[in-house]
Amino acid sequence: MMRASDQTRWLLSFADLVLLLLAFFVLLHAQSINPDAVVESIGEAFSTEARPATIERRIVADEIFNRGEAVLRPDARVAFEGFARSWARRRGTVSITSIGRADDSARFDGWELAAARAAALGRLIRNAGMDPQAIQIVMPPSRGREGLGGQRLVLRFTPAR
């Protein structure tokens, strides 16, 4: 004689299969959605104010500047002017963080060159239309071996709400 629980055992496997299919299609759909839109919709669902995504670029300074100078290479200038114009239109804040020091040159020591390069990026962003009050240049102190290995720049754009 079959018990009632044996007769409905298939139902548990069927429910598991349906849930797995649902999860698969949710993941498939999630890959085609803009992440910023998802953050905004979740914020609206919980009645909180969603923040737009921050854009961050990490750069090795020697790859975008002329050797021993605070002058951007032509291809880097074109690329950064494009970024700067789009950031200026979106009205937000830009933080330029200089990490480490550049190699000494004939005109500058490493710290002076690092500061001049960070300032050159700040000027380029300002000249592209960004409000000077919205541009911040940060040079945190180096600890131990952190300052060795050349200058790295971190550009962080946070859009206005």
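**Exercise 1. A patch on the surface**

Find the residues that make the nonpolar surface patch of about 840 Å² in this predicted model.

*Solution.* Start with Trp 10, Leu 11, Phe 14 and Leu 17, then add Val 18, Leu 21, Phe 24 and Phe 25; together they make the patch. Next, place one of these residues: Trp 10 sits in helix 2, which covers residues 9-30. Finally, check its exposure. Trp 10 has a relative accessible area of 55%, and the cut-off for exposed is over 50%, so Trp 10 counts as exposed.

**Exercise 2. Two rings in one helix**

Classify the aromatic pair formed by Phe 80 and Phe 83, and decide for each residue whether it is buried, partly exposed or exposed.

*Solution.* Begin with the geometry: the ring centres are 6.0 Å apart and the planes meet at 65°. Planes over 60 degrees apart count as edge-to-face, and that is the class of this pair. Now look at where the residues lie. Both are in helix 5 (residues 74-90), three residues apart, or about one turn of the helix. Then take accessibility. Phe 80, at 8%, is buried, because buried means under 20%. Phe 83, at 26%, counts as partly exposed.

**Exercise 3. A pair across the sequence**

Work out why the pair of Trp 87 and Phe 157 is stacked, and which parts of the chain it ties together.

*Solution.* The ring centres of Trp 87 and Phe 157 are 5.4 Å apart and their planes are at 0°, so the pair is stacked. Trp 87 belongs to helix 5 and Phe 157 to strand 4 (residues 152-159), so the pair links parts 70 residues apart in sequence. For burial, Trp 87 has a relative accessible area of 2% and is buried; Phe 157, at 0%, is buried as well. To finish, put the rings together: Phe 80, Phe 83, Trp 87 and Phe 157 form one aromatic cluster. The structure holds four aromatic pairs, including the two treated here.

**Exercise 4. The whole chain**

Describe the chain by its helices and strands, its contacts and its surface.

*Solution.* Count the elements: there are six helices and four strands. Along the sequence they follow the pattern α-α-α-β-α-α-β-α-β-β. Turn to contacts: among those with a separation of 6 or more, 77% join residues 24 or more positions apart. For burial, 27% of the 161 residues count as buried. Lastly, the chain exposes about 11,200 Å², with carbon and sulfur atoms supplying 58% of it.

Definitions and conventions:
Residues are numbered from 1 along each chain as its sequence is written. This is a predicted model: local features need pLDDT of at least 70, side-chain atom pairs count only at pLDDT 80 or more; totals for chains, interfaces and linings use all residues. Side-chain values use heavy atoms; hydrogens and water are left out. Rings of Phe, Tyr and Trp (its six-membered ring) pair if their centres lie within 6.5 Å; planes under 30 degrees apart count as stacked, over 60 as edge-to-face and the rest as tilted. Helices (H or I, at least four residues) and strands (E, at least two) are DSSP runs, numbered from the N terminus. Buried means under 20% relative accessible area, exposed over 50%, partly exposed in between (1.4 Å probe, protein chains only). Contact means heavy atoms within 4.5 Å. Accessible areas come from the Shrake-Rupley method with a 1.4 Å probe; for residues, only the protein chains shown count as cover. Patches are made of residues with over 30% relative accessible area and no salt bridge: like charges are joined within 9 Å, nonpolar side chains (Val, Leu, Ile, Met, Phe, Trp, Tyr) within 5 Å. A salt bridge is a side-chain nitrogen of Lys or Arg within 4 Å of a carboxyl oxygen of Asp or Glu.
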